[in-house]
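Reader: I should like to learn how the descriptive terms used for a structure are justified. Please set each term against its definition.

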There are 2 protein chains.
Amino acid sequence: MHISILGAGGFLGRKLAARFARQGSLGARPISSLTLFDLAEPPPPPHPKFPVHTLAGDLTALPEAAIPPGTDIVVHLAAVVSAQAEADYDLGLKVNLHGTLRVIDACRRLAAAGGKPPRLVFTSSVASFSGGQDAVLADDARQIPANSYGAEKAAAELLLADASRRGFLDAVLLRLPTIVVRPGRPNRAASSFFSAILREPLLGLGTDLPVPDSFAAWLASPRRAVDWLIHAAWMDTAAMGLDRSVNPPGLRATVADMLAALEAVQPGAAALVRHAPDAEIAAIVGAWPAAFAPRRALALGFAPHEPLVEVVRAFVADDLAATRAERGLAA
Amino acid sequence: MHISILGAGGFLGRKLAARFARQGSLGARPISSLTLFDLAEPPPPPHPKFPVHTLAGDLTALPEAAIPPGTDIVVHLAAVVSAQAEADYDLGLKVNLHGTLRVIDACRRLAAAGGKPPRLVFTSSVASFSGGQDAVLADDARQIPANSYGAEKAAAELLLADASRRGFLDAVLLRLPTIVVRPGRPNRAASSFFSAILREPLLGLGTDLPVPDSFAAWLASPRRAVDWLIHAAWMDTAAMGLDRSVNPPGLRATVADMLAALEAVQPGAAALVRHAPDAEIAAIVGAWPAAFAPRRALALGFAPHEPLVEVVRAFVADDLAATRAERGLAA
């Protein structure tokens, strides 16, 4: 089985590649090769049991080698994130919309050449919805995005579902919750602080909290997100019909819940979080729904979420040392 | 007030231009000029009280003169229709998606140059929904298109709503029902037969009916569609918030209802309709919802629909002679 990951240099792509390398198979089928594509050449995962090809390039000029003939699975994670797409409209549209159209083209060429349409796993986002703090969205909730990133993701979902219906590819479109705890550094996602208020104190660093403690969000851990991506990569899509989009079973938590979990894992750490209200950030994340009722995802076999304390412990186990090293911080 | 119509050569664009010419104003404001753009140079409306500029070109290479500086209202009707977009994926995507992005660019340039963001009236479609014969869709129904045309229209809605939120334009996005009775000739819309079973018998011609008499559809007359476009062009959008899409108050009717209305207007005419089942056409239109509960549109001031017999009589009054002349048929 040949797999390509687009946006493989991001933390989710790196974790997914590492999981593939560790497992060596997907379901019962061995992985025969893995292609990793990103703007900068992505690092290969440690100790792969199969050949790994790494490749740098622009998504909107997608080289054929990024999705070579014989590709069974494409995991398309490449994106310009929310605050950046809001700040740079042209760049967001270019990558999030036109880049996705290039991915459709590439899959279509494989299918037209007589290959099986590849499974296409795409990460859409909770940011494609509005509804705000009191919302509990059902599976048939409409996407009324309050930011350009969300609009581009929702539009991409429509075009990918149509490409799937036409047989160019076989799509599973995951509207990922806000991922917590992201390793590494703060990024330009409006939701970056959700990870920072856990990660930075665990590194011994202060960090700003732009929203009040009562603010709620729909979250998922990197481990669970990788589980979902893997399930999406090999699940049977026959039961999905025309609707290829899934709201996976994340976790609703308030900032206070998150700080309590932080204190449970490392007492005193929450004191490093400074309240620093930011109206611009609050306006973006405040429009995202804080909860879903993800019945369909559970029926389709997506794993339910683990408790918040486990999420914090997993970051400490999986990512704290590497983040410290990456950022040149003393252990 | 300066108005541009894109896709002005189509029957709806021609009717809208004729209405503007007759009225000479929109709300209380006089129309100062009208620009008509289409692939082939559109005909100017009869007896305009203001200058009319006609212009031929490709939507995806939209000339600046199509939306000149100072434009207050853009009515974007240009599209590749449903059966054609299904037959030619690239063409549908090019016009329905990339063409609409060019319209956004043009409006954004006007707004960036210091102009007021133009009102942008866009025609989306009932074909962007699925649900089928038994559906009665609420205002918050999700678009899960079963055809490429519908997917492109729904994606365009998302991008236009986002452009509206960003202040590039001020959008009202109308999901038009199937328009009955279209004048002229059959076209490549999968829904073409809904008009043909009324128009062709009134011209004394036979026509094929690809679905059974019990088949229901969500319809609107050209007169009412023009009323809605005009309302969308000058209504106050403040009450719309982020959601710029409207399901206007169409009319649910079965083929049997339509043939009964035809018989009421011209006894014996329904005998010219031949049952000729067509699985491909039936599959496309069979996925479209047959009814909506359009509460929001009524609250926003969109006029409710007139009865079916009036629709047939209006075609006879407005379009029968011109259609006969256009097609070289004896009166």
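Reader: How do you know that the copies meet through the same surface?

Author: This is a predicted model, in which local features need pLDDT of at least 70 and side-chain atom pairs count only at pLDDT 80 or more, while totals for chains, interfaces and linings use all residues. Residues are numbered from 1 along each chain as its sequence is written, and chains are lettered from A and ligands numbered from 1 in the order in which they are written. Of the interface residues of chain A, 100% are also interface residues in chain B, so the copies meet through the same surface. Residues are in contact if their C-beta atoms, placed from the backbone, lie within 7 Å.

Reader: What makes up the contact on the side of chain A?

Author: Chain A contributes 18 residues, and chain B contributes 18 residues. On the side of chain A, H4(A) supplies the largest share, 8 residues. That side divides into 11 nonpolar, 2 polar and 5 charged residues. Here Ala, Val, Leu, Ile, Met, Phe, Trp, Tyr, Cys and Pro count as nonpolar, Asp, Glu, Lys and Arg as charged, and the others, Gly among them, as polar.

Reader: Why are the two copies said to be related as by a two-fold rotation axis?

Author: A turn of 180° and a shift of 0.0 Å along the axis lay chain A on chain B with an RMSD of 0.0 Å. The two copies are thus related as by a two-fold rotation axis. The superposition is by least squares on the C-alpha atoms of residues with pLDDT of at least 70 in both.

Reader: What confidence does the predictor give the complex?

Author: The complex receives an ipTM of 0.96 and a pTM of 0.97. Chain A averages a pLDDT (confidence in each residue, from 0 to 100) of 96, and 100% of its residues score at least 70.

Reader: Why are H3(A) and H4(A) called roughly parallel?

Author: Helix H3 (residues 89-112) and helix H4 (residues 148-165) of chain A pack at an angle of about 15°, with their axes 9 Å apart. Axes are lines fitted to C-alpha atoms, for helices over the stretch in contact, and angles run from 0 to 180 degrees between N-to-C directions. Angles under 35 degrees count as roughly parallel, over 145 as roughly antiparallel, 65 to 115 as roughly perpendicular and the rest as oblique. H3(A) and H4(A) are therefore roughly parallel to each other. Helices (H or I, at least four residues) and strands (E, at least two) are DSSP runs, numbered from the N terminus.

Reader: Which hand does the crossing of H3(A) and H4(A) have, and which residues meet there?

Author: The crossing of H3(A) and H4(A) is right-handed; a crossing is right-handed if the near helix is turned clockwise from the far one by less than a right angle, and left-handed if anticlockwise. Among the residues that meet are A:Leu93, A:Leu97 and A:Ile104 in H3(A) and A:Ala156, A:Leu159 and A:Leu160 in H4(A). The contact of H3(A) with H4(A) comprises 11 nonpolar, 4 polar and 3 charged residues.

Reader: What makes H7(A) oblique to H10(A)?

Author: In chain A, helix H7 (residues 255-265) and helix H10 (residues 308-318) pack at an angle of about 55°, their axes being 9 Å apart. That angle makes H7(A) oblique to H10(A). The crossing of H7(A) and H10(A) is right-handed. Including A:Met258 and A:Leu262 in H7(A) and A:Val309 and A:Val312 in H10(A), the contact of H7(A) with H10(A) has 9 nonpolar, no polar and 2 charged residues.

Reader: What sets A:His47 and the bond between A:Val180 and A:Val181 apart?

Author: Most residues other than glycine have a negative phi, and most peptide bonds are trans. A:His47 is not a glycine, yet has a positive phi of about 50°; A:His47 is placed in the loop between strand S4 (33-38) and strand S5 (52-56) of chain A. A:Val180 and A:Val181 are joined by a cis peptide bond, with omega about 10°. A:Val181 lies in the loop between strand S9 (178-179) and helix H5 (192-202) of chain A. In chain B, a cis peptide bond joins B:Val180 and B:Val181, with omega about 10°.

Definitions and conventions
Two residues are in contact if their C-beta atoms, placed from the backbone, lie within 7 Å. pLDDT is the predictor's confidence in each residue, from 0 to 100.
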